[in-house]
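Ready to get to know a new structure by working through a few exercises? Have a go at each task before you read its solution.

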Amino acid sequence: MEGLMHFLEFSGFANVTWGHLIMISVGIIFIYLAIKKDYEPLLLVPIGFGILIGNIPFMEGVGLQLGIYESGSVMNYLYFGVLQGIYPPLIFLGIGAMTDFSTLLSNPKLMLLGAAAQVGIFITFLAALTMGFSLEQSAAIGIIGGADGPTAIFLASRLAPELIGAIAIAAYSYMALVPVIQPPIIQLLTSKDERLIRMKPPRAVSKLEKMFFPVVGLLLTTFISPGALPLLGMLFFGNLLKESGVTKRLADTASKQMIDIVTILLGVTVGASTQATTFLTPQSILIFVLGALSFMVATASGVLFAKLMNLFLKGDNKLNPMIGAAGVSAVPDSARVVQALGLAENKNNHLLMHAMAPNVSGVIGSAVAAGILLSYLLKISWAA
């Protein structure tokens, strides 16, 4: 009888709290959105299931080594890659090996849209400061506006590891909800005539340009923002593997098997980090609110900057301002949203390739912004 009581005491039924049930519900919703609505299934299925894993109740603090925050547990070892910022550069390597920067090279001025969309990061940084977060925490929260999960995790691991779970979940949630969040903002800020603007086809980009780009891009961006070297170094390295034409096996591995493995590990551990007893705090909810604000401001900034550029452009050089929304780093979902909205206005107006230019520059832009914030705050620490 004593053994039975002991067994029941250790069971999930004896240790469950309302927090566990809430987070399990969130995990099920993530899985539902991924499977039923096709919202970023490659991210939401691992994260959603990770939330379930992380919120199976058990007796904490007795050395069972089960939870992600318990030293010596398997999940704790896997979480090491998140805490130390190891997974994000590997994800960037895979992204670089998958990404074609031709559209950006054919029309370099569209890079400005990727830069403009980073405004949300700095506005949210200031908003978080006014709400009582520290400088480091505010910077880590602001980067959510880049809609770039790996960059958000990378910066949070350096500046505010205590918030990494909430920041990662917020960043990936908003990446997955791009088709829900962005369309109303785009519709609100553009007129029908603007949404009907047809852009001229991008010029053909030579193979030599594509091969030079990762080298020049690495030198230019990391000289400006050395703090982003782990991310941008791997991004451009992956792109050179793709474009050189002589390392196809390496490019294939980076863009397929490796990024898939890292995505699984990252998704499951980020999900599991939402253990209710640690994660469910007013601070986490505030981070979600600030993250949403950051993402919406980033989207609006890109659209409004495209409209501003149109004041100086003439004839067929004018931009469809909807592509400004793709300046966030959610590749290629933002570009797909713009494509869908363009086709809804005119079934012959294909904007996908045009939107990919600010979209890929958003990947670079958010990493540069992270590096700038990192360098700035390290300077503050050094000065102090």
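Below are four exercises on this predicted model, each with a worked solution.

**Exercise 1. Work out what the secondary structure consists of, and whether the radius of gyration agrees with that of a compact globule.**

Step 1: Go through the helices and strands. The protein comes to 21 helices and zero strands.

Step 2: Get the yardstick. For 384 residues, a compact globule would have a radius of gyration near 21 Å.

Step 3: Compare. The protein has 22 Å, which agrees.

Step 4: Add the extents. Along its principal axes, the C-alpha trace spans about 85 × 45 × 45 Å.

**Exercise 2. Place T124: which helix is it in, is it buried or exposed, and what is it in contact with?**

Step 1: Find the helix. T124 sits in α9, which covers residues 119–130.

Step 2: Check the accessibility. Buried means under 20% relative accessible area, and T124 has 0%, so it is buried.

Step 3: Look for partners, skipping the neighbours within four places in sequence. That leaves T124 in contact with I141, G142, L290, L293 and S294.

**Exercise 3. Count the aromatic pairs, then describe the pair of Y69 and Y79.**

Step 1: Count. Ring centres must lie within 6.5 Å to pair, and the count comes to three aromatic pairs.

Step 2: Take the geometry of one of them. The ring centres of Y69 and Y79 are 6.0 Å apart and their planes are at 85°. Planes over 60 degrees apart count as edge-to-face, so that's what this pair is.

Step 3: Locate the partners. Y69 lies in the loop between α4 and α5, and Y79 in helix α5, so the pair ties together parts 10 residues apart in sequence.

Step 4: Compare their surroundings. Y69 counts as partly exposed at 37% relative accessibility, whereas Y79, at 3%, counts as buried.

Step 5: Move on to another pair. F101 and F213 are 4.9 Å apart centre to centre with 40° between the planes, and this pair is tilted. F101 lies in the loop between α6 and α7 and F213 in helix α15, so here the pair ties together parts 112 residues apart in sequence. Both F101 and F213 are buried, and along with F236 they form one aromatic cluster.

**Exercise 4. Find what share of the residues is buried, and what supplies the exposed area.**

Step 1: Start inside. Buried residues make up 55% of the 384.

Step 2: Go to the outside. The protein exposes about 17,200 Å², with carbon and sulfur atoms supplying 71% of it.

Step 3: Finish with charges. There are 21 positive and 19 negative side chains, and the centres of the two sets lie 16 Å apart.

Methods. Residues numbered from 1 in each chain as written. Predicted model: local features only at pLDDT ≥ 70, side-chain atom pairs only at ≥ 80, totals over all residues. Heavy atoms only, no water. Helix = DSSP H or I, 4+ residues; strand = E, 2+ residues; numbered from the N terminus. Buried < 20%, exposed > 50% of the residue type's maximum accessible area, 1.4 Å probe, protein only. Contact = heavy atoms within 4.5 Å. Phe/Tyr/Trp six-rings, centres within 6.5 Å; stacked < 30°, edge-to-face > 60°. Rg over C-alpha atoms; globule rule 2.2 N^0.38 Å. Areas by Shrake-Rupley, 256 points an atom, 1.4 Å probe, with all protein chains shown as cover. Lys, Arg positive; Asp, Glu negative; His and termini not counted. Charge placed at Lys NZ, Arg CZ, Asp CG, Glu CD.
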